[in-house]
Amino acid sequence: MAYCWAHARRKLKEVFDRDGSEIAAEGLRRIAEFYKVEAEIRGMRPGQRLSARQTRTAPLVAAFGEWLQEQRLRVSAKSRLGEKLAYIHYHWDGLQTFLREGRVEIDSNGVENLIRPIALNRKHALFAGHDEGGKAWGRIASLIETAKINGVEPFAYLKATLEAIADGHPKSRIDELLPWNFNPSS
């Protein structure tokens, strides 16, 4: 399972912003080095990214791992910083997944940015006036945002899909009506 370096970074940033910790600052500096490599290889094919990561980033991550263990020995596990370092340690294997697979991103920021509108739309459904209305709005909002993510114009998608259902589209082939399968000419 892949874990997100942005979340690990955020743990150290919280401590740095609150306490000005030099240890947290050093962790942030080290993580920034990983992101610097990622910025340079963004858009490359997975095999190229994997090769660059193994050559350039893997040694940085290994050094971070050693540094992490040293700091965990120095800092009380019950302190705020100790808890954040323990979080990173606990997820260590998953944080290294991007070094073994070129298709895996270093963090989940891209996906989170894509699904944020869906989550916000669902949250807005809480104010639909009624539980069933909220559930219905949440479903519609999910379809609209999923259509957008898949490059489909939402109104055209919903119109065609509702027409297909009204015309007796079989339930056994419902997957044909999902946004990523939508063909505007059909």
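How many helices and how many strands does the secondary structure of the protein come to? The count is eight helices and zero strands. The model shown here is predicted.

**Figure 1. Overall fold of the protein, a predicted model.** Read along the sequence, the pattern is α-α-α-α-α-α-α-α. The C-alpha trace spans about 70 × 45 × 25 Å along its principal axes. The radius of gyration is 22 Å, whereas a compact globule of 186 residues would have one near 16 Å.

**Figure 2. The two assigned domains of the protein.** Domain 1 covers residues 5–107. Domain 2 covers residues 127–181. Taken over C-alpha atoms, the centres of domain 1 and domain 2 are separated by 40 Å.

**Figure 3. Contacts and burial in the protein.** Of the contacts with a separation of 6 or more, 63% join residues 24 or more positions apart. Buried residues make up 34% of the 186 residues.

**Figure 4. Surface and charge of the protein.** The accessible surface comes to about 11900 Å². Carbon and sulfur atoms account for 56% of that surface. The side chains include 29 positive and 24 negative ones. The centres of these two sets lie 2 Å apart.

**Figure 5. Close-up of Ala86 in helix α4.** Helix α4 runs through residues 80–90, and Ala86 is found within this helix. Is Ala86 buried or partly exposed? Its relative accessibility is 28%, so Ala86 counts as partly exposed. The cut-offs behind this call are under 20% for buried and over 50% for exposed. Arg72 is 14 residues away from Ala86 along the chain. The C-alpha atoms of Ala86 and Arg72 are separated by 7.4 Å.

**Figure 6. Close-up of Ser79 in the loop between α3 and α4.** Helix α3 spans 46–74, and Ser79 sits in the loop between this helix and α4. Why does Ser79 count as partly exposed? The reason is its relative accessibility of 24%, because a residue must be under 20% to be called buried and over 50% to be called exposed. Leu114 provides a reference point for Ser79. Ser79 and Leu114 are 35 residues apart in sequence. In space, the two are 35 Å apart, C-alpha to C-alpha.

Technical notes:
Residues are numbered from 1 along each chain as its sequence is written. This is a predicted model: local features need pLDDT of at least 70, side-chain atom pairs count only at pLDDT 80 or more; totals for chains, interfaces and linings use all residues. Side-chain values use heavy atoms; hydrogens and water are left out. Helices (H or I, at least four residues) and strands (E, at least two) are DSSP runs, numbered from the N terminus. The radius of gyration is taken over C-alpha atoms; the globule rule is 2.2 Å times the number of residues to the power 0.38. Buried means under 20% relative accessible area, exposed over 50%, partly exposed in between (1.4 Å probe, protein chains only). Contact means heavy atoms within 4.5 Å. Accessible areas come from the Shrake-Rupley method with a 1.4 Å probe; for residues, only the protein chains shown count as cover. Lys and Arg count as positive and Asp and Glu as negative; His and the chain ends are not counted. The place of a charge is taken as NZ of Lys, CZ of Arg, CG of Asp or CD of Glu. Domain bounds come from an automatic or database domain assignment.
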